[in-house]
Amino acid sequence: MSTKPRCIDRQREIADSLLAWFSGNARDLPWRCLQHDPYAVWVSEVMLQQTQVAAVIPYYQRWMGRFPTIDDLARADEQEVLAHWSGLGYYARARNLHRAAKAVAAEHSGRVPSDPAALRALPGIGAYTAGAILSIAFGLPHAVVDGNVERVLSRLVALDGDPKSSVNQKALWNLARSLVPPERPGDFNQALMELGATVCTPSLPSCGACPISNQCAAYKSGEPERWPQAAPARKNVRVEHVSVIVRAGDQIVLVRRENSGLWGGLWENPRSEVARGEDPLDAPASAARSLGLEADIEPEPFTQFQHQVMHFSIRLTGYAATLRSPIPTAQLNGPTMFTLSEAAGLALAAPQRKLLVEYERYQRAQQGMSTAGANE
DNA sequence: AAATCGGGGCA
DNA sequence: TGCCCAGATTT
């Protein structure tokens, strides 16, 4: 009856092969226990955006423990939401998820909508995440195309050109849609991604273990790694910064970044860009000056180099005249003083969190030395 | 269409 | 070091 019976048969065979393979080769991942909870699927899919499975697992467990339902998330304070995301990166994902939870609570009576258009209207849900929720949680025959699917399908049909180009993106989505079976669409989509993650890898794919290698054009060519034909990467420009631990007594100064841009809305140590030609050792002083801290800056020997950011410690004396007395609320954006244990509860970017851990260790070592000295 | 967001893992 | 990762949003 179909106009392309051979084509349909081939699609059916690919789906069946993948589903059979998946039933014996699916990794045991925490979110696969809650496949029928749209919120749980949603959280896992957002965390997995541009983030590897191993990095997500502990964050997912902690998140679901604190925000087990969409209402728990909708009622939570944004700073606490960000604190639970702290270290995962791409913090707009957390803010969007929080905003979307509030929207679902307000506009959909707390139920994740199963309508594609309504899903796509939520902040942070694009074509991929909508397809994943619809197919995995609701069992609806929608396709997904992520980095894994992109690679698998590019090899399957030996796709010519950059898979990111708009023409090829349309082709890949159409191909993915044509392959999704009406039954078990969620398992099929996960199988496709699982295959890309564990078998059809970017380098050294294990074609011997692939259930659809007999259908794969790249495999037949003998050089599967020729696909996908990625565009040449652009080179990135690095900017040097210094990050300063400004200390007064047992407290340190943190500032909250703007909501948009890098590490949006997170707390960090005062930071200063190193101007071209400037001695990096002068930068801590300019960072302090940008806070209005003019007096009695005594650099301490604690320094740490991390990527392109250098960290210095500065001890402030007479700070009360220039920096207002400790501000208890964490709502302010300006320089605010925290003890190290208070800082540990804030939404910090991962490098800042590591820096504070190192600094605490350094301080303890210093105290140990001074104690030992006093005993002599 | 291109840039941006981030941190970790791995060759 | 460079590339990749269960992408979405802004410009």
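Asp146 puts a polar side-chain atom 2.5 Å from a sugar or linking oxygen of DNA strand C. Keep in mind that this is a predicted model, so every distance here is computed from predicted coordinates. Asp146 is also one of the closest residues to strand C, in a list that includes Gly124, Thr129, Asn148 and Arg151.

**Around DNA strand C**

Asn148 turns up again when you look at the phosphates: an N or O atom in its side chain sits 2.6 Å from a phosphate oxygen of DNA strand C. Gly126 gets to a phosphate oxygen of that strand too, but with a backbone N or O atom, at 3.1 Å. Zooming out, 26 residues surround DNA strand C. They split into 11 nonpolar, nine polar and six charged. Three helices each put at least two residues into this surface: H8 (127-137), H9 (147-156) and H11 (185-198). On the DNA side, 62% of the strand C atoms within 4 Å of the protein are sugar or phosphate, and the rest belong to bases.

**Around DNA strand B**

DNA strand B has 16 residues around it, with Gln50, Gln52, Tyr90, Tyr91 and Trp263 coming nearest. Here sugar and phosphate make up 56% of the strand B atoms that come within 4 Å of the protein. Two of those nearest residues reach base atoms. Gln50 does it through a backbone N or O atom, 2.7 Å from a base nitrogen, while Tyr90 uses a side-chain N or O atom, 2.3 Å from a base oxygen. For the backbone of strand B, look at Lys354: an N or O atom of its side chain is 3.0 Å from a phosphate oxygen. Helix H15 (residues 350-374) gives the largest share of this surface, three residues. By class, the surface near strand B holds seven nonpolar, seven polar and two charged residues.

Here are the protein-DNA atom pairs side by side:

| Residue | Part of the residue | DNA atom | Distance |
|---|---|---|---|
| Asp146 | side chain | sugar or linking oxygen, strand C | 2.5 Å |
| Asn148 | side chain | phosphate oxygen, strand C | 2.6 Å |
| Gly126 | backbone | phosphate oxygen, strand C | 3.1 Å |
| Gln50 | backbone | base nitrogen, strand B | 2.7 Å |
| Tyr90 | side chain | base oxygen, strand B | 2.3 Å |
| Lys354 | side chain | phosphate oxygen, strand B | 3.0 Å |

**Helices H2 and H3**

Away from the DNA lists, have a look at how H2 (residues 38-47) meets H3 (residues 53-66). Their axes come within 10 Å and cross at roughly 145°, and the crossing is right-handed. H2 brings Tyr39, Ala40, Val43, Ser44 and Met47 to the contact, and H3 brings Val56, Tyr59, Tyr60, Trp63 and Met64. That adds up to nine nonpolar residues, one polar and no charged.

Is Ser44, a member of helix H2, buried or exposed? Ser44 has a relative accessible area of 2%, under the 20% cut-off, so it counts as buried. Beyond its neighbours within four places in sequence, Ser44 is in contact with Trp31 and Tyr60.

**Trp267**

Trp267 belongs to strand E3 (residues 267-268). Its relative accessible area is 0%, so Trp267 is buried as well. The Trp267 side chain still makes a polar contact, at 3.4 Å, with the side chain of Gln79. Another link across the sequence is with Ala83: the two residues are 184 apart along the chain, yet their C-alpha atoms are separated by 9.9 Å.

Terms used. Residues are numbered from 1 along each chain as its sequence is written. Chains are lettered from A and ligands numbered from 1 in the order in which they are written. This is a predicted model: local features need pLDDT of at least 70, side-chain atom pairs count only at pLDDT 80 or more; totals for chains, interfaces and linings use all residues. Side-chain values use heavy atoms; hydrogens and water are left out. A residue is near a molecule or strand if one of its heavy atoms lies within 4 Å of it. A polar contact is a pair of N or O atoms within 3.5 Å; within protein, one must be able to donate a hydrogen and the other to accept it, and residues adjacent in sequence count only if both atoms are side-chain atoms. Helices (H or I, at least four residues) and strands (E, at least two) are DSSP runs, numbered from the N terminus. Ala, Val, Leu, Ile, Met, Phe, Trp, Tyr, Cys and Pro count as nonpolar, Asp, Glu, Lys and Arg as charged, and the others, Gly among them, as polar. Axes are lines fitted to C-alpha atoms, for helices over the stretch in contact, and angles run from 0 to 180 degrees between N-to-C directions. A crossing is left-handed if the near helix is turned anticlockwise from the far one by less than a right angle, and right-handed if clockwise. Contact means heavy atoms within 4.5 Å. Buried means under 20% relative accessible area, exposed over 50%, partly exposed in between (1.4 Å probe, protein chains only).
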